[in-house]
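Biologist: Hi! I'm new to this one, so could you walk me through it?
Modeller: Happy to, let's open it up.

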Amino acid sequence: MEFPEEVLAHIFSYLSVKERDSASAVCRRWSQSMSHPRVWRYTEIRCETGEQEDPALQHFSSLLPLVRHLKITVSSLSDPANRSAALSVLRLATSGPLRTLTLSCSGGVPLFYSGHDLEEGLEAALTAAPEHVGGAFLSHLDLRGVPFTLSQSLVRVLARQSPNLRSLLVNNQTLVCKVEPEAVVEVLGLCPLLNTLGLFYTSLSQKVVDELLLPQRCPLLAMELYCERFAKYIPPLEDSVWAGLKHRHPGLKVSLILDHTLPMDHFSSVLQPSVPLQHLELLTFTDLVQQTHLVTQSYSHALETIILQTTSSPELDSALHSLAAACSLLREVHCYCVVSCDVIRAFKDCCPLLWRYTLKTRKEPHPWRCTVIK
């Protein structure tokens, strides 16, 4: 009972909303401390009860405008009650100066249009009545965890209503990308502070690159690109383009995911030598020996994480051994096929920064667990 309110608030900030509701019923002092802004600064809300009016959320509805960094996870997306609860949270949280928002969903999506009311609700929350703050203070938006196709309209609204955006991640790995390069150019023009961008590879074009090369733009720090089957229909960015981007933005780090739907003969056109590649995922279950050698030759100076879904072979073991010897900055290696003991030894001996890996010498039940080096 002698704890200062600030200390109580710091402790309560680690609790889930349901646990905060229980703690607030312990005594009057705890209940009063629960309204301290520090409790709500970082908040994750899970909409999973199947009830449109979750008692805990109802209890704290007046405090949600205090949230500055919000993550909403919707379980069982097909349940309209969970989606409705998420929409209520969105409306309340965006009535305050919300800084960051992460929206994700868990569970299967039985119909391709399930969840689009969340997208419409987000757009409505950001364009709320003048007495609300909306997206004016929003600096980080992460939609990578939503399983439905994001509309071009939403991306444009986000840019218009949130000019202070520094991070926009819309590379959510759905089957179709509707965000065309023209919309990305508009986003870059409306959000001059944007320094982190997550897109489908098909959302890139020379016009997007030209906008990124403008001398008045702030430094671009990170770019995440998801490459799927439709990437084969667009001309890839040439090596000279990546060299220009790297020169204009020397701190740029790129993450690439090459999906199994992208034909193998397009991998090399995406993996240009001048890409400042930090994170790479090659998600296919075919032979990747040639691509592993390509990675070793081009990205040994920058690569920190590599994930491979491929097939076992002595040639792959040799390629991985060379990768370990060349890429001393590697922090994570995850290879989802059986490898030799020598491969594991090579990564542990040659990569001093390595802290986590998935390298198995025999098949194990799914899912394979990674090894953490302490």
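**A helix and its surroundings**

Modeller: The face of α14 turned away from its buried side carries the exposed residues P314 and A325. Exposed means over 50% relative accessible area, buried under 20%, and partly exposed in between, using a 1.4 Å probe and protein chains only. Helices (H or I, at least four residues) and strands (E, at least two) are DSSP runs, numbered from the N terminus.

Biologist: How should I read the numbering and the model itself?

Modeller: Residues are numbered from 1 along each chain as its sequence is written. This is a predicted model, where local features need pLDDT of at least 70, side-chain atom pairs count only at pLDDT 80 or more, and totals for chains, interfaces and linings use all residues, while side-chain values use heavy atoms and leave out hydrogens and water.

Biologist: Back to α14, which of its residues are buried?

Modeller: They are L316, D317, A319, L320, L323 and A324. Seen down the axis of α14, these buried residues fall within an arc of 165° (taken from the directions from the helix axis to the C-beta atoms), so they line one face of the helix.

Biologist: And what covers the buried residues of α14?

Modeller: The cover includes α13 (289-299), β10 (305-309), β11 and α15. Contact here means heavy atoms within 4.5 Å.

Biologist: Where does the chain go from β11?

Modeller: First, the pairing: β11 (residues 332-338) runs parallel to β12, joined by four bridges. Two strands pair if DSSP finds at least two bridges between them. From β11 the chain passes through helix α15 (residues 341-350) to β12, a right-handed β-α-β crossover. Right-handed means that, with the strands pointing away from the viewer, the path from the first strand over the helix to the second runs clockwise.

Biologist: How many residues of β12 are buried?

Modeller: Four of the five residues in β12 (residues 356-360) are buried. β12 also pairs with β13 (residues 371-372), antiparallel and over two bridges, with R356 opposite V372.

Biologist: Switching topic, is T202 buried or exposed?

Modeller: T202 is buried, with a relative accessible area of 15%. T202 sits in the loop between β6 (196-200) and α10 (206-212).

Biologist: What does T202 touch?

Modeller: Leaving aside residues up to four places away in sequence, T202 touches C177, P181, E228, F230, A231 and I234. T202 and V176 are 26 residues apart in sequence and 10.0 Å apart in space, C-alpha to C-alpha.
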